[in-house]
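The following exercises invite the reader to examine a structure step by step. Each task is followed by a worked solution.

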Amino acid sequence: MEEISKLEKLQNEDMRIVLDAVDNLRAVGVNNIIPLPQIVACGDQSTGKSSLLEALTGIPFPRDTGLCTRFATQFILRRADKVSISVTIIPGPTRVDKDERQHLENFGKGKTFDPTKLGELIEEATQVMGLPPLTGKKPKVVCAFSHDVLSIAISGPDRPSLTLVDTPGLIKSSGKYQSLEDIKTIEALVKSYIDQDSTILLAVLSTTYQHELQQIPSMITKAAPRTLGIITKPDGPGADTALETEYIELAQNQVLPLGHGWHVVRNRSEKEMSFDMKQRDQSERDFFAGSNWTSKLKPAQLGVPTLNDRLAKLLYQHVQAAIPSLQINLKEKLQEVQIKLDKLGPGRGTIQEHRGLLVEIASHFQRLAEVAIDGNYKKDPFFGLPSIKVSTDVVTGERRLHTLVQDAHRQFSHAIRRHGSKYEFTETPAEWDAAGSSNDLLGLSDTVLRSPYNGFASDQKKTTYATYLKYVQETEKYYRGAQLSGMFNPDIVDELFHEHSSRWSDLAKAHIENVNSQCKNFIKKLLSQIAPRDIAARLGARVRPILQHREEEALKVLDKFLQVERGVLMTYDPDFTFTVEQIRKERLKRKSVEGTRPSTTSPVIGESPSRSKMARTDTKNQISTDGIAAEDAFSVSWVYCRNQREHFVAYLTKHVIEPYMIEGLDKIISPKDFGSMTDEEARLLATEAEELIEERKGLLREKEILEKGKTDFDAALKK
């Protein structure tokens, strides 16, 4: 036990408890789910990394050049009254089979570990992990690598509280024992540790050749703030050489600045392999005494004993700082795993389980869909509360179906007023102001239209009142019959009305399609919340044709209504007569003032004059019976259009969309239907894919690991 008792002086009991708590998390596999605070040694092959770890741990490392370490090794050193040594394998994240994991975790149980025979232990662990053996000078199989971790725990009265992870050495080129694939695999394994923000890196560099030629400096660029550089073999270059000067400057943190600076250790030479650890430490002190390293660097940067102190304090501070976030991460990850399990639902292997789950989903669907239709969202937290930000879609109301539909109705009503006509009018005469119809004709509104309602503006022709009136006068000639002078043929009103309402059909169809899309999105979100994702996908495919049929039925009703609208013009609304009379009255006043003054030139249809209202005396046409008839026909057609438009909006929203697309939406998935299904139909809907079964197994394993880790971690911290 002389070799074993080499490490560390008295340390704080709190330090041991804190580090043990984190190591226990690692032992149960939490590190495969949540990155844990740790110190990881990494470097190129033949940089003296093994000799460094040997000096830190007191465990002689094998010197067999043909031995390829193909997994990470964790060394747990702890202060304790009695000497104890234990060995185990921590299964990697790819080990999902419970029996396989148990087999690995049982490695080392009941065995006595001889620390002088680490090579034999590594070879035995290699076989247990299922990796090809490397025996003899020529291995039968090239190196394969594992994400399992060999864990060696050593306790004793003179141990430090320190945990180190050793990674396989980086390989520069392929050879007899390493293939190109091995090179890539080792680099990926080391990089996976480097990329973990919770890891403090020991970047090991050898002075036997320039640091620029070694792989590790380029790999730790982003991780430099949490890296401690280790320089080995300081006796290699020789005193006062350029290479020694280069590495001394590196150790001064000038060339490659690292967050935790640099440290220098001397490895045992070939002649010193028989030295015990005390002799090794003395030889190291003798080398540094009077050397350039001692004169240029601080004493705390030199030698293994000071490195032990430095690492123990560094790890303790690192772990202590990480505890609050680690507690939060454990809780959040456990919640995340539980949510995923809830979404997968319980295991379902029998037809009774299939049918029972389907009926439960349908009942839940009906209840939530009914709330969405009624708009009484306080009945279920699925719809969220405005003051509680559960998730983005809840805050924006994407689950509140009737809220979205009502907003779409408002968008449609504004769109049809603004873009329902073939023409966009940019100015109106004074009498339209007096009758309260000016803004209506101009389509003025502060509402910002969204898709699909804003897509109807681009092909709308802009015109002025005067220009359009000329067009009406020309059109009126073709309808002139036996009417008295100054009177118009009622048929022209029908012609003009159809121009004013020519885009109603397209707008209404776009509105129906939009509402149907909202129904689809709502059902998709609802199913994803209440059903396992495989069943949610199948039910989604099942309801799509039902929703399509509901949309088609709504479109049929719309077409019938539009056919009626295109028939005989008819209204009994007193507001229609009142508004027409008001416009006629105000027009006569304007005409009496204008007299026969010459008119200004007006733009033709298709031009884009700026939108404005005409001044009270802007229309300067000479009074004629033809002009009066055209203006009267236009005003009658527009007021009738406005009257019918409001009726059309109300009819579409209340008598088409609500009954055909919203009402009954909660019945499209019914417990009764699922209850009366055949066994085969229920099986096709609810049977679970093999990948989901495996996913549930993995999640249950994660949950078990996290729950045990969290319980043990919380209990340890209470001490």
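**Exercise 1: The surroundings of His354**

His354 lies in helix α11 (residues 351-374), where helices (H or I, at least four residues) and strands (E, at least two) are DSSP runs numbered from the N terminus. The model is a predicted one, in which local features need pLDDT of at least 70 and side-chain atom pairs count only at pLDDT 80 or more, while totals for chains, interfaces and linings use all residues. Residues are numbered from 1 along each chain as its sequence is written, and side-chain values use heavy atoms, with hydrogens and water left out.

Task: Determine whether His354 is buried or exposed, and state which residues it is in contact with, leaving aside its neighbours within four places in sequence.

Solution. Step one: His354 counts as buried because its relative accessibility is 5%; buried means under 20% relative accessible area, exposed over 50%, and partly exposed in between (1.4 Å probe, protein chains only). Step two: apart from neighbours within four places in sequence, His354 is in contact with Arg348, Gly349, Ala682, Arg683, Ala686 and Thr687, contact meaning heavy atoms within 4.5 Å. Step three: the C-alpha atoms of His354 and Leu685 are separated by 8.1 Å, although these residues are 331 apart along the chain.

**Exercise 2: Residues 682-709**

Task: State what feature UniProt places at residues 682-709, and how much of the chain there is helix.

Solution. Step one: an unreviewed UniProt entry gives "coiled-coil region" for residues 682-709; UniProt positions are in the numbering used here, feature names are shortened, and annotations may be inferred rather than shown by experiment. Step two: in the model, residues 682-709 are 89% helix and 0% strand. Step three: the end C-alpha atoms of this segment are 39 Å apart.

**Exercise 3: Helix α4**

Task: Identify which residues of helix α4 are buried and what they pack against.

Solution. Step one: in α4 (residues 118-128), the buried residues are Leu118, Leu121, Ile122, Glu123, Ala125 and Thr126. Step two: residues three or four places apart in an α-helix point the same way, because there are 3.6 residues a turn. Step three: the buried residues of α4 pack against β3 (84-90) and β4 (149-156). Step four: just after α4, Gly130 takes a positive phi of about 85 degrees.

**Exercise 4: Backbone geometry in loops**

Task: State where Asp240, Asn253 and Pro452 are found, and describe the backbone at each.

Solution. Step one: most residues other than glycine have a negative phi, and most peptide bonds are trans. Step two: Asp240 is in the loop between β7 (227-232) and α7 (242-251), and has a positive phi of about 65 degrees although it is not a glycine. Asp240 is exposed because its relative accessible area is 63%. Step three: Asn253, in the loop between α7 and β8 (262-264), also has a positive phi of about 65 degrees, but Asn253 counts as partly exposed at 28% relative accessibility. Step four: Pro452 is in the loop between α15 (438-442) and β10 (461-463), and the peptide bond from Ser451 to Pro452 is cis, with omega near 5 degrees.

**Exercise 5: The chain as a whole**

Task: State how many helices and strands the protein chain has and what share of its residues is buried.

Solution. Step one: the protein chain has 24 helices and ten strands. Step two: of its 719 residues, 50% are buried.
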